[in-house]
Amino acid sequence: DEWYEELIHEIKQRYPKCAVTLSVGERSGETYRRWYEAGADRYLLRHETADDAHYRKLHPQEMKLKNRKECLFTLRELGYEVGAGFMVGSPGQTGEGLVEDFEFLQELRPHMIGIGPFLVHQDTPFGAEENGSYEQTLLLLSILRLMFPGVLLPATTALGTIAPDGREQGLLAGANVLMPNLSP
């Protein structure tokens with residue numbers, strides 16, 4: 001964690017107008033504070049789900065949804081621009097869970113909301129699952145745009161992976177940030 005602090009400070013010294021965005025998972029409030037004081041501006045930490053049973057299905061037992069949410073609120077309280085989000089159609093996701101996600105986002109008021117379709121990867125415990133719905137992702141992007149008119153809402157790389165014009169359709173649905181797919 002100290003390495004990050006030194007790197008952030010060095011970047012801000014060399015490029016004071018550069019915005020430093022971090023996305024390195026859950027840490028202590030003290031660590032977040034030190035990084036913020038070193039010059040970090042934004043922190044992206046997907047809440048992934050506001051439903052505890054769904055969270056337990058997606059994460060190892062030692063990880064707790066309560067801690068993830070506390071991290072997000074701590075980041076916001078410290079002054080970071082906060083990003084949160086979830087994967088549409090992730091294993092175990094329900095309609096009721098999506099409602100909880102939207103309620104949580106209303107409470108958190110993040111600066112960026114990153115959603116994209118869940119994409120299966122064969123080398124994970126969810127390798128036999130199905131991809132999330134492209135159409136549902138576009139619908140939820142539209143709803144999020146209406147709920148959060150000023151939020152940064154990316155057309156994610158997952159949209160570009162699931163459909164050739166996925167990012168473009170994401171922009172038409174309400175996204176206002178283009179996320180290029182840089183993987184081979």
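Axes here are lines fitted to C-alpha atoms, for helices over the stretch in contact, and angles run from 0 to 180 degrees between N-to-C directions. The structure shown in every view is a predicted model.

**View A. Helix 6 packs against helix 8.** Helix 6 covers residues 134-147, and helix 8 covers residues 166-173. Their axes lie 8 Å apart. The angle between the two helices is about 30 degrees. Helix 6 and helix 8 cross in a right-handed sense. On the helix 6 side, the contact is made by Y134, L138, L141 and S142. On the helix 8 side, G166, Q169, G170 and A173 take part. Sorted by class, this contact holds 4 nonpolar and 4 polar residues, with no charged ones.

**View B. Helix 2 crosses helix 4.** Look for residues 29-38 in helix 2 and residues 65-78 in helix 4. The two axes come within 10 Å. They cross at roughly 35 degrees. This crossing, too, is right-handed. Which residues meet here? Helix 2 supplies G29, Y32, R33 and Y36. Helix 4 supplies C71, T74, L75 and L78. The contact of helix 2 with helix 4 divides into 5 nonpolar, 2 polar and 1 charged residues.

**View C. Four strands form an open sheet.** The strand order is 1-2-3-4, and the pairing is parallel. Why is one side of strand 1 and of strand 4 left without a neighbour in the sheet? Strand 1 (21-22) and strand 4 (112-117) stand at the edges, and each has a single partner strand, so one side of each has no neighbour in the sheet. Further in, strand 2 and strand 3 run parallel and are joined by 3 bridges. One residue to find is R42, whose bridge partner in strand 3 is E81.

**View D. Helix 5 lies across the sheet strands 3 and 4.** Helix 5 is made of residues 95-108. It lies across both strand 3 and strand 4. Relative to strand 3, helix 5 runs at about 175 degrees.

**View E. One cavity sits beside strands 2 and 3.** How many cavities of 30 Å³ or more are there? The count comes to 1. The largest cavity holds about 30 Å³ of space. Its lining is R42, L44, E81, V82, G83, H111, M112 and L152. Strand 2 (42-44) and strand 3 (81-88) are the elements that give two or more residues to this lining. Strand 3 provides the largest share, 3 residues. The lining of the largest cavity has 4 nonpolar, 2 polar and 2 charged residues. R42 and E81, the bridge partners of View C, both belong to this lining.

**View F. The largest pocket draws on strand 4.** The volume of the largest pocket is about 470 Å³. Its lining counts 22 residues. Which of them lie nearest the pocket centre? They are R46, G114, T156, T157 and M179. Strand 3, strand 4 and helix 7 (157-162) are the elements that each give two or more residues to the lining. The largest share comes from strand 4, with 5 residues. By class, the lining of the largest pocket has 13 nonpolar, 8 polar and 1 charged residues.

How values were computed
Residues are numbered from 1 along each chain as its sequence is written. This is a predicted model: local features need pLDDT of at least 70, side-chain atom pairs count only at pLDDT 80 or more; totals for chains, interfaces and linings use all residues. Side-chain values use heavy atoms; hydrogens and water are left out. On a 1 Å grid over the protein atoms alone, a cavity is a set of points where a 1.4 Å probe fits but cannot get out, and a pocket is an open set with protein on both sides within 12 Å along at least five of seven lines; lining residues have an atom within 4 Å of a point. Grid points are joined across faces, edges and corners, and a volume is the space filled by probe spheres set on the points. Ala, Val, Leu, Ile, Met, Phe, Trp, Tyr, Cys and Pro count as nonpolar, Asp, Glu, Lys and Arg as charged, and the others, Gly among them, as polar. A crossing is left-handed if the near helix is turned anticlockwise from the far one by less than a right angle, and right-handed if clockwise. Contact means heavy atoms within 4.5 Å. Two strands pair if DSSP finds at least two bridges between them.
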